[in-house]
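Thanks for sharing this one. Here are my notes, written as numbered points so that you can follow along with the model open beside you.

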Amino acid sequence: MNFNVGGPSHLQYSISSSSSDSENDDEVRFLNHLQGFDTQAEVITRMCDNNNRLWAHYIAHQNNQVTRGGSIPGHIVINRDRENADRNLFTDYFAENPRYPDSMFRRRFRMGRSLFLRIFNAVAEHDNYFMQRRDGLGRLGLSGLQKMTAVFRMLAYGIAADATDEYIKIGESTAIQSLKKFCRAVVEVFVEQYLRSPNANDVARLLHIGKRRGFPGMLGSLDCMHWKWKNCPTAWAGQYAGRSGSPTIILEAVADYDLWIWHAYFGLPGSNNDINVLEASHLFANLAEGIAHPAHYVIQGKEYNMGYYLADGIYPKWSTLVQSIHDPRSPKKKLFAMKQEGCRKDVERAFGVLQSRFAIVAGPARFWNKNVLHDIMTACIIMHNMIIEDERDVDAAIEDWMEAPTPEVEIAVDENTRFQEFLARHRQIKDREAHIALRNTLIDHLWEEYTNSEN
């Protein structure tokens, strides 16, 4: 028996066959692995392309949008639900059938609803800060009514900005910014109409009223008030501290019989007296320049062409100021002092009504910037005059007056002539002899009217 037949050759064939199969399997696996790499590379390429397209779209979208500031570090976001607060405010005061009547609106806003809406529309048109807009998330922001209502709460009640948050749902910083922008807008929009110098018709009406009250030629009464400045800078405290010992800022004003304020000069430190304020103010600037509307009147047969203001005893003896008598002895002088002091209280009443309507000017000022205080005081005076115009009784007998024709003013061309005329008018305003003569004439005029009425 031959066991070696075909043995070696068969074994060699088997080994070679198994090795070739394993090589084929490795080659297949290698090819499959390469194909897997190609598939992954294709997927990665597609993902990169998609990411590039997304980034390109995002960058293009960002370039088309307005850049917004980021969040403030450490700022706490409070969900105040300002949308519902806006709806409640509208339902309470501004709906067709509001929850609160007109009397309560007048009490809380210090004016009628129609006048408030007139101011609101004018301010919103002047400054788009009071237009309602959407934030970065698309939510509606604070409405103009919310901002302006918060401002009126601070002006009318003198409360802190933070106290408006509970009802209006407005932050403290936003309320303060709204107050500053509102007062600035009111001054810019309404100052030329409601804080103007008297025109020809105004002068004629004031002269008519002054004559009926026993003072022909009177244009109003003059005085000053002090506004305490709580947050006055320490370096300025000595300059602004007056006789009260606290820093104050002075307001000089002229008011007429119905408490309309015709002249307001605000800003001098409280260490000044009324004479210093008068010298620094522009009360008689137009009169000295010859561009003021003339005031013609007759007393005891004597003609005058310059009106005058009633003032207290501290003011200088000018021909445009009429003061009371310190210690009157005769019946004529006692009657004059009583009448003069009674009419001079117009400006005192105007200050009282102004502080009652806007408590912010009655209490201590809490702002640091003097320009902001000037805007607040001026805005309150302007709205004070607007309220008087809106609520004035036009049917009252005291309003009976005749319109004055427009005056024709001749202006000298020569500069030297104009300067000499200016000096002459300036000396005429500060003429002491003319002041004494005018006061004596008024004393005789009032006594004559008194005796005629008694007879």
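The points below go through the cavity, the salt bridges, a surface patch and a few loop residues.

1. A word on the source before anything else: this is a predicted model, so please read each value as computed from predicted coordinates.

2. Let's begin inside. The structure holds one cavity of 30 Å³ or more, and about 60 Å³ of space lies in the largest cavity. Its lining is made by Leu206, Ile209, Gly210, Arg213, Met218, Leu219, Gly220, Ala255, Asp256, Tyr257 and Asp346. Two elements, helix 8 (200-212) and strand 1 (218-228), give two or more residues each to this lining. By character, the lining residues divide into six nonpolar, two polar and three charged.

3. Asp346 deserves a second look, as one of the residues that line the largest cavity. Aspartate 346 also forms a salt bridge with arginine 349, with the closest N and O atoms 3.0 Å apart. Both residues belong to helix 12 (residues 331-357), where they sit three residues apart, about one turn of the helix. Is each partner buried or exposed? Aspartate 346 counts as buried because its relative accessibility is 4%, under the 20% limit. Arginine 349, at 39%, counts as partly exposed.

4. Salt bridges come to a count of 17 in this model. As background, side chains of opposite charge can pair when their charged atoms come close. One to find on screen joins arginine 139 and glutamate 83, at 3.3 Å from N to O. This pair links distant parts of the chain, 56 residues apart: arginine 139 is in the loop between helix 4 (113-126) and helix 5 (144-157), while glutamate 83 is in helix 2 (residues 82-94). Arginine 139 is partly exposed at 33% relative accessible area, and glutamate 83 is partly exposed at 22%.

5. Next, arginine 99 and aspartate 92, whose side chains meet in a salt bridge with an N to O distance of 1.9 Å. Arginine 99 is exposed, with a relative accessible area of 53%, whereas aspartate 92 counts as buried at 5%. You may also like to display Arg184, Glu188 and Asp375 together, since a network of salt bridges links them.

6. Now to the outside. Which residues make the nonpolar surface patch of about 370 Å²? They are Trp55, Tyr58 and Ile59. Isoleucine 59 is found in helix 1 (residues 7-63) and is partly exposed, with a relative accessible area of 46%.

7. Two backbone angles are worth checking. Lysine 169 has a positive phi of about 65° although it is not a glycine. Lysine 169 sits in the loop between helix 6 (165-168) and helix 7 (172-194), and is partly exposed at 28% relative accessible area. Glutamine 300 also has a positive phi, near 55°, and is a residue other than glycine. Its place is in the loop between strand 4 (297-299) and strand 5 (302-304), where glutamine 300 is partly exposed at 44%.

8. Finally, look at aspartate 312, in the loop between strand 6 (308-311) and strand 7 (321-323). How far is aspartate 312 from serine 324 in sequence and in space? The two are 12 residues apart in sequence and 6.5 Å apart in space, C-alpha to C-alpha. Aspartate 312 has a relative accessible area of 19%, so it falls under the 20% cut-off and is buried.

Notes:
Residues numbered from 1 in each chain as written. Predicted model: local features only at pLDDT ≥ 70, side-chain atom pairs only at ≥ 80, totals over all residues. Heavy atoms only, no water. 1 Å grid on protein atoms, 1.4 Å probe; cavity = no way out; pocket = protein on both sides within 12 Å on 5 of 7 lines; lining within 4 Å. Points joined across faces, edges and corners; volume = space filled by probe spheres on them. Helix = DSSP H or I, 4+ residues; strand = E, 2+ residues; numbered from the N terminus. Nonpolar A, V, L, I, M, F, W, Y, C, P; charged D, E, K, R; others polar. Patch = residues over 30% accessible without salt bridge, like charges linked within 9 Å, V, L, I, M, F, W, Y side chains within 5 Å. Areas by Shrake-Rupley, 256 points an atom, 1.4 Å probe, with all protein chains shown as cover. Salt bridge = Lys/Arg side-chain N within 4 Å of Asp/Glu carboxyl O. Buried < 20%, exposed > 50% of the residue type's maximum accessible area, 1.4 Å probe, protein only.
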